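Subject: Structure handover

Hello,

Here is the structure we talked about. Please open it alongside this note, which goes through what turned up.

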Amino acid sequence: MKKISILMPLIAAGMLTVAPAVAQKAESNKAKTVKTAVKGTPVPSVGTASQVKELPAEMSFWMTPAAKLTFPALPYSYNALSDVIDSLTVAIHYDRHHRAYYTNFIKAIEGTEMEVLSIYEIFNKMSEFPVSVRNNGGGFYNHVVYWQNLTPGGGVKPSGLLAEEITKAFGSYDAFITRFADAAKTRFGSGWAWLAVDFKTGELFITSTANQDNPLMNTEERRGFPILGIDVWEHAYYLKYQNKRADYIESFGKIINWKDVEARYQYFLQARKNFLN
Amino acid sequence: MNFEFPALPYAYDALEPHIDKMTMEIHHTKHHRAYYDKFIAAIKGTDLENKGLDEIFAGVSKASVAVRNNGGGFYNHNLFWEVLSPGGGGAPSGKLADAINSSFGSLDDFKARFNDAAANRFGSGWAWLIVKADKSLAVTSTPNQDNPLMDVNDVHGRPILGLDVWEHAYYLKYQNRRPDYIGAFWNLINWEKVAENYEKAL
């Protein structure tokens, strides 16, 4: 919590570029900051390396004009998750599928008004933009969350405020896991299951989305900030599990990086007002 | 109706090297079988039990999502296995060839249209060659296990050729290279069966 409070002013600065329309309404001098930020001034320093780790690149991610977003490195080696996800799957998933979404997203926004918007601003107007932006922008963002949500030797239960909120929303941690797994198992075809924070109420909720959609998009009925996502496209598990999606989902708990999930939750609590639609 | 789970009309390794044995085996005995079992369970004790698939699909928007997903998965794979053959490939002949030429310009133009439909279906789904109500041919694609017989789709018609582009249809061999799988499909098409489907649809 202490680290969070140190970072608050920086988060506040980051928040402005997330929703410039809101910021411009609020204060004109701050709106100027927004304008330069979206034109691509260097991302402000966000503190020491250990502090950045607490908030996994979230601030700079939401501050960056979409055209300047980079393809992030995988935070571990291809074989690091091999108890649950084999290294060939991770290699192809990251270096082929994820990279293709990234490349096609950048291509799809090139030369358009979307270049200077943050990726949230794009998701927030998703229905107005071409389907290639929706599919590839979603595919890019969703996998960024996915890789950071996972870690070798994960699976330690959540703690602190997030643990309390999970109990409040679902009854218990085990009940949450069951509900989350059900959402993942029953998503027919390709898609994702999510643990997200409701934009309006701040409550945790479980949802699932088709294809590469996510709860940030204005095409979703219930919108919120994703803090944990499981990819249930067959490409996420087919080489190891084939038709046994349930086995993949049940093993998934062993590699959840709860520290990352908690950091996302904390980030959203700080930045919440910028994610209202 | 008495719906039966069909045997594969050839051996699991018969479509090698274009579709590998393990893919065929899992696809038929696990995926297709599960759709069949769940479809039977979904219609059991309902008024759909005594209807044919055509009738069920024509009113599928009013049925449960389990009927739509599993009934579609059952029917779609029935057609898919039939239009593939170890001695397939080549070109259609006779009336079907004429119809393809008149609808699409040429066989190559048809192939290009079909390839696009299969490649551009985002996520899970199928590409189809269908006979529309006016007897003309059209290429279309549907998400998940929907098909053009269902009243939930904009484009209606009777499928005479279908290609499964769910990742389970090709991932073990082709991984992210869906276009390579689509390319290999043309070596397997049982055009005689497609021509027979066309005659029946007219």
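A:Asp95 is partly exposed, because its relative accessibility is 21% and the buried class ends under 20%. This is a predicted model, so please read every value here as computed. A:Asp95 forms a salt bridge with A:Arg96, with the closest N and O atoms 2.7 Å apart. A:Arg96 is partly exposed too, at 43% relative accessible area. A:Arg99 joins these two residues in a network of salt bridges.

Two further bridges tie together distant parts of a chain.

In chain A, the side chains of A:Arg222 and A:Asp198 meet at 2.8 Å, N to O, in a salt bridge. The two residues are 24 apart: A:Arg222 is in the loop between strand E2 (204-210) and strand E3 (224-231), and A:Asp198 is in strand E1 (residues 191-198). A:Asp198 counts as buried, with 8% relative accessibility. A:Arg222 has 35% and counts as partly exposed.

In chain B, B:Arg68 forms a salt bridge with B:Asp146, and here the closest N and O atoms are 2.8 Å apart. This pair spans 78 residues, from helix H3 (residues 65-82) at B:Arg68 to the loop between E2 and strand E3 (158-164) at B:Asp146. B:Asp146 is buried, at 5% relative accessible area. B:Arg68 is partly exposed, at 27%.

Over all chains the count is 15 salt bridges. How many salt bridges are there between chain B and chain A? Zero. Polar contacts do cross the interface: six residue pairs, both partners at pLDDT 80 or more.

On to the rest of the interface. Chain B contributes 18 residues to the contact and chain A contributes 17 residues. Together the chains bury about 1,800 Å², and 64% of that is on carbon and sulfur atoms. Which three residues of chain B supply more of its buried area than any other three? They are B:Phe122, B:Glu167 and B:Tyr171, with 38% of the area that chain B buries against chain A. Helix H1 (21-43) and helix H6 (171-174) of chain B each supply at least two residues of the side that touches chain A. H1(B) gives the largest share, five residues. By class, that side of chain B has seven nonpolar, nine polar and two charged residues.

Next, the cores. The largest nonpolar core has 127 residues, and A:Tyr248 and B:Phe110 have the most contacts inside it. Leaving aside neighbours within four places in sequence, A:Tyr248 is in contact with residues including A:Ile85, A:Tyr146, A:Ile230 and A:Tyr241. A second, separate core holds 15 residues, among them B:Phe5, B:Tyr36, B:Ile43 and B:Leu149.

Last, some backbone points to check.

- The peptide bond from B:Glu16 to B:Pro17 is cis, with omega near 0°. B:Pro17 is in the segment before H1 of chain B.
- A:Gln242 is not a glycine, yet has a positive phi of about 50°. A:Gln242 sits in the loop between helix H11 (238-241) and helix H12 (245-252) of chain A. Buried or exposed? A:Gln242 counts as buried, at 9% relative accessibility.
- B:Lys135, also a residue other than glycine, has a positive phi near 75°. B:Lys135 lies in the loop between strand E1 (125-131) and strand E2 (137-143) of chain B. With 42% relative accessibility, B:Lys135 counts as partly exposed.

Best wishes

Definitions and conventions:
Residues numbered from 1 in each chain as written. Chains lettered and ligands numbered in written order. Predicted model: local features only at pLDDT ≥ 70, side-chain atom pairs only at ≥ 80, totals over all residues. Heavy atoms only, no water. Contact = heavy atoms within 4.5 Å. Buried area = accessible area lost by both parts, 1.4 Å probe. Salt bridge = Lys/Arg side-chain N within 4 Å of Asp/Glu carboxyl O. Polar contact = N/O pair within 3.5 Å; in protein donor to acceptor, adjacent residues only side chain to side chain. Helix = DSSP H or I, 4+ residues; strand = E, 2+ residues; numbered from the N terminus. Nonpolar A, V, L, I, M, F, W, Y, C, P; charged D, E, K, R; others polar. Core = buried A, V, L, I, M, F, W, Y, C linked by side-chain atoms within 4.5 Å. Buried < 20%, exposed > 50% of the residue type's maximum accessible area, 1.4 Å probe, protein only.
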